[in-house]
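Me: Please examine the model shown below with me. I shall put several questions and would like each answer to be reasoned.

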Amino acid sequence: MKKVLSIAGSDCSGGAGIQADLKTFSAHGVFGMSVIVSVVAENTSRVIDIQDITPDMIKKQIDAVFEDIEVDGVKIGMLSTPACMNAVAEKLKEYHPANVVIDPVMYAKNGCPLMEPTAVDTLIKVIIPLADVLTPNIPEAEKIANMRITSVADMETAAKKICAMGCKAIVVKGGHASGSALDVLYDGKDLYHFETPRIATKNTHGTGCTFSSAIASQLANGLSIKDAVQKAKAYVTTAIEHSLAIGKGNGPTHHFYELYQHGLRI
């Protein structure tokens, strides 16, 4: 069994962050591990407060995993401060894991900020060059590329601009656009489009976390970047299509829909 590590924030309501990552890993048949960088008191409607884990403890969690267990993939999510980013970057440079997927989380689904505005520069200089695949949504890509994105052509331009910052590949997600749900993958050489019909639901809490974790799982299982993104897109689309009306705000996706349909084979 392949082993995949999530380095991200904890969502106590279970729909996003570490919790979504571990569910996604399990759904893909990989063994999930976690390093918590922030504890987020949030639910489907709002973020109440954030408490960051100290950089020293972040590094010790990473050491604890890598000194004992082979890591086949890493998904990195919420990194709220430059101190968090530098701690994670230091350890990734030390251990050189394969299949690093980075979701540059800046806002919760309800719009609450999850990254300090001053941290974007550190994200660009320190974190983005470590990514095998970067998965920003349109607002995040606009912030990183310092440009407006109003069309598919703009998504392609932003993808190339951000890829030049050092990541090996990038998926600019089109969930915030209108029309169909179209994502643009740029692998440093070629552009690919992945398009599905847009699903009419407000229950999309944790979709970015789920998508990036699915890509990391597929890469750990040996797929190419293009195939990993394609399969992750299909997985998250199913999870959104069968999302759960839990809570008063944006409910979570259904990470285990296929399992719930067919049951455990024991």
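Reply: A helix here is a DSSP run of H or I with at least four residues, numbered from the N terminus. The model is predicted.

Me: Which residue with a positive phi follows H7?
Reply: Helix H7 covers residues 207-220. The phi of the residue in question is near 100°. That residue after H7 is Gly222.

Me: How many residues of H7 are buried?
Reply: H7 has 14 residues and reaches 20 Å from its first C-alpha to its last, close to the 20 Å expected at 1.5 Å a residue. Buried means under 20% relative accessible area. H7 is mostly covered, and its buried residues number 14 of 14.

Me: Is Cys209 buried or exposed?
Reply: The cut-off for a buried residue is a relative accessible area under 20%. Because its relative accessibility is 13%, Cys209 counts as buried.

Me: How far from Cys209 is the nearest cysteine sulfur?
Reply: A disulfide requires two cysteine sulfur atoms within 2.5 Å, and the structure holds zero disulfides. Cys12 is exposed, with a relative accessible area of 57%. The sulfur of Cys12 is the nearest one to Cys209, which is in no disulfide, and the distance is 13 Å.

Me: Which helix gives the largest share of the largest nonpolar core?
Reply: This core has 47 residues, and Leu5, Ile7, Ile76, Val88 and Ile170 touch the most other members. The largest share amounts to six residues, and they come from helix H3 (residues 82-95).

Me: How many residues are in the second, separate core?
Reply: Among its members are Ala216, Ala220, Val236 and Ile240. The size of this second core is 21 residues.

Me: Which residue in E3 stands opposite Val40?
Reply: Strand E2 (residues 31-42) and strand E3 (residues 47-52) run antiparallel and are joined by five bridges. The two strands form a hairpin with four residues between them. Opposite Val40, in E3, stands Ile50.

Me: Which residue has its backbone nitrogen 3.2 Å from a polar atom of the side chain of His254?
Reply: His254 is found in the loop between helix H8 (225-241) and helix H9 (257-262). His254 counts as buried because its relative accessible area is 10%. Beyond four places in sequence, His254 touches Ala239, His242, Ser243, Leu244 and Tyr260. The backbone nitrogen that lies 3.2 Å from the side-chain polar atom of His254 belongs to Tyr257.

How values were computed:
Residues numbered from 1 in each chain as written. Predicted model: local features only at pLDDT ≥ 70, side-chain atom pairs only at ≥ 80, totals over all residues. Heavy atoms only, no water. Buried < 20%, exposed > 50% of the residue type's maximum accessible area, 1.4 Å probe, protein only. Polar contact = N/O pair within 3.5 Å; in protein donor to acceptor, adjacent residues only side chain to side chain. Contact = heavy atoms within 4.5 Å. Pairing = 2+ DSSP bridges. Expected span 1.5 Å × (residues − 1). Core = buried A, V, L, I, M, F, W, Y, C linked by side-chain atoms within 4.5 Å.
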